[in-house]
Amino acid sequence: MRTGRHFAYNLLGTGLPLLLAIAAVPLVGRQAGYERLGFLTIVWAAIGYLGFLDFGLSRVFARRVAVAAAAGQLPAETAFLRWIARRLFAVCALLALLAALAMPTARLAGAAASPEWLAEVRLAWILLATTIPALVLSNLWRGAMEGCEAFGAVNALRVLMGVWTFGAPLLVLPFSHSLPALVGGVVVGRWLSLALHQGWCWRRLPGTGHDTAAATAEWRGALRHTLAEGAWFTVSGVVGPIMVIFDRFLLGALAALGTVPVYAIPQEIVLRLILIPALLAGVLFPRMAVLAQTDTPAAAALIDRATRVTIVLQLPLCLAAAWLATPALGLWLGADIAVQGAPILRWLLVGCIFNTAAQVPFAHLQASGRSHATARIHLAEVLPYAAALYWAVAGYGALGAAWVWSARCAVDAGLMFYVSRRIDPLAISPRLLLLLAGAALVCLCAALPGATGVPGNFALGAVLLVLLSALGAAVGLERTEGIDLLRRFVPGR
């Protein structure tokens, strides 16, 4: 398994469409009008979030296909997948119909909307609703592709569809500025995405032919377990992101809307950093699913080593972001935002290092069929986090929100580690815990008031350099781990 190459594919598949989005947004706003751009942002957001309607089955089948391929049972698993896909399509078609009929488009159009604009919004909403089956089934087939470790094909399609999503309105603009035309271009791309993902799976994944009565009866028995596992995936997929952005809404309600950008912009920077270990954990997911079934010691070694690698990769980025926070934010957004936002960014980076460490254990728990564990952890965190956040925001504003967010990330990582060690004590080694503690201490030093107020603080730099050197010696990374981090850390490869 070429882990480094697959990781690079994931980075490209996620990053390239964002570059086009930066160019597309102002062009569409200037030429089609900012009202139409506003609706398009809803379309783009919906495309990103409506995938949860697959009920977690994409992640379930990423695991099941990986395990079936390793056990030589891929034809039977593929037949079950196709059986599920047909029924899921029918459910999603019904959901699309309900969404098209139930949404009060007059609210989206605005109270003072003209009849022409209301008609545009209504038709555009109906077109958006038709993407629900395409989005959900594309995710399902993509999960099967990831189970086969076909990350090259997955990310080639991700780049193509990401470019299409933001580029289609630009191609439509010379011919029409109407909202249905702009949205229609995006909708065509989602159905094309479904055709390409399904076509790849039908060509590459062997089936067992037509459904027999015995097979159908067996599949009906397996459906309940599959849906239950998918439901736990869905809980984590919904509750986790809500906790990530809930603080912004609370800030707007308790403090002032003007404080939200000061907090949200640094948090977006941190979330982009967290995307790096999350993509790496996604690459390792199929391998962890197989090892969890066939070779528990190798799975434990992979978790421990991969987590250490993600921390070592992330720590320099966090330190660079902490030291450059004030000048970079000032150059980008102005001195006022920089003065208020830089301390918030530095405190959020403390949570970033804990969140980084949690990514691989989180993926392992789900890959080993324990999605209920991650979901229960997230559910257990919600109320205490909300209460602490309310207290911190009411008393300390945006900076208090950053403290509590980082504290929750630390608790989350601790719980993920605890459950992983319950499964296999070798999964989280003492040197991994030492590395995480040291990395968190380094980030905490960078976040302390005045620690990085002056660029090039040589005293602090020297202290951190000594500490990092001690960490490197304590962790004892092998030469291949230090030089070839992304290619050589999968046991047996």
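These are my notebook entries on salt bridges, one kinked helix, nonpolar cores and a few long-range pairs in a predicted model.

**Entry 1: salt bridges**

I started with the charged pairs. How many salt bridges does the structure hold? I get four, and I looked up three pairs by name.

I took Glu77 and Arg64 to begin with. Their closest N and O atoms sit 2.8 Å apart, and the pair is a salt bridge. Glu77 belongs to helix α4 (residues 74-102) and Arg64 to helix α3 (residues 57-71), so this pair links distant parts of the chain, 13 residues apart. Buried or exposed, these two, Glu77 and Arg64? Both Glu77 and Arg64 come out buried.

Then I went to Arg158 and Glu146, whose side chains meet in a salt bridge at 4.0 Å, N to O. I checked that one against the cut-off, since a salt bridge here needs the nitrogen within 4 Å of the carboxyl oxygen. Arg158 is in helix α8 (residues 151-172) and Glu146 is in helix α7 (residues 131-147), so the pair ties together parts twelve residues apart in sequence. Burial splits this pair: Arg158 is partly exposed at 26% relative accessible area, while Glu146 is buried at 17%. The line I needed for that call is 20%, because buried means under 20% relative accessible area.

I also looked at Glu381 and Arg408. They form a salt bridge with 3.2 Å between the closest N and O atoms. Glu381 is buried, and Arg408 is buried too.

A reminder to myself: side chains of opposite charge can pair when their charged atoms come close.

**Entry 2: helix α8**

Arg158 had taken me to α8, so I stayed there for a while. The helix has 22 residues and runs 31 Å from its first C-alpha to its last. The expected figure at 1.5 Å a residue is 32 Å, and the span is close to that.

Where in α8 does the kink lie? I find it at Phe166, with a bend of about 40°, shortly before the proline Pro169. Phe166 and Pro169 are both on the list of buried residues in α8. That list also includes Phe151, Val154, Leu157, Met161, Gly162 and Val172.

**Entry 3: nonpolar cores and a surface patch**

Next I went after the greasy parts. The largest nonpolar core has 78 residues, and Tyr263, Leu349, Ile353 and Trp405 have the most contacts inside it. Several helices supply at least two residues each, among them α3, α10 (213-254), α12 (296-333) and α15 (430-447). Which helix gives the most to this core? I get α13, with 18 residues.

A second core, separate from that one, has 28 residues and includes Phe80, Ile132, Leu140 and Leu157. I had already met Leu157 among the buried residues of α8.

On the outside, I noted a nonpolar surface patch of about 430 Å². Leu94, Leu97, Leu98 and Leu101 make it, and Leu94 lies in helix α4.

**Entry 4: pairs far apart in sequence**

Last, I pulled some C-alpha distances.

- Ile132 sits in helix α7 and is buried, with 6% relative accessible area. Its C-alpha is 7.6 Å from that of Leu95, with the two 37 residues apart along the chain.
- Ala46 sits in helix α2 (residues 34-49) and counts as buried at 17% relative accessibility. Ala46 and Leu135 are 89 residues apart in sequence, yet 9.8 Å apart in space, C-alpha to C-alpha.
- Gln198 sits in helix α9 (residues 179-204) and is partly exposed at 29%. Its partner in my list is Ala144, 54 residues away in sequence and 9.8 Å away in space, C-alpha to C-alpha.
- Leu379 sits in helix α14 and is partly exposed, with a relative accessible area of 45%. From Leu379 to Val235 I get 144 residues in sequence and 8.2 Å in space, C-alpha to C-alpha.

How values were computed: Residues numbered from 1 in each chain as written. Predicted model: local features only at pLDDT ≥ 70, side-chain atom pairs only at ≥ 80, totals over all residues. Heavy atoms only, no water. Helix = DSSP H or I, 4+ residues; strand = E, 2+ residues; numbered from the N terminus. Buried < 20%, exposed > 50% of the residue type's maximum accessible area, 1.4 Å probe, protein only. Expected span 1.5 Å × (residues − 1). Bend = angle between axes of the 7 residues up to and from the residue. Patch = residues over 30% accessible without salt bridge, like charges linked within 9 Å, V, L, I, M, F, W, Y side chains within 5 Å. Areas by Shrake-Rupley, 256 points an atom, 1.4 Å probe, with all protein chains shown as cover. Core = buried A, V, L, I, M, F, W, Y, C linked by side-chain atoms within 4.5 Å.
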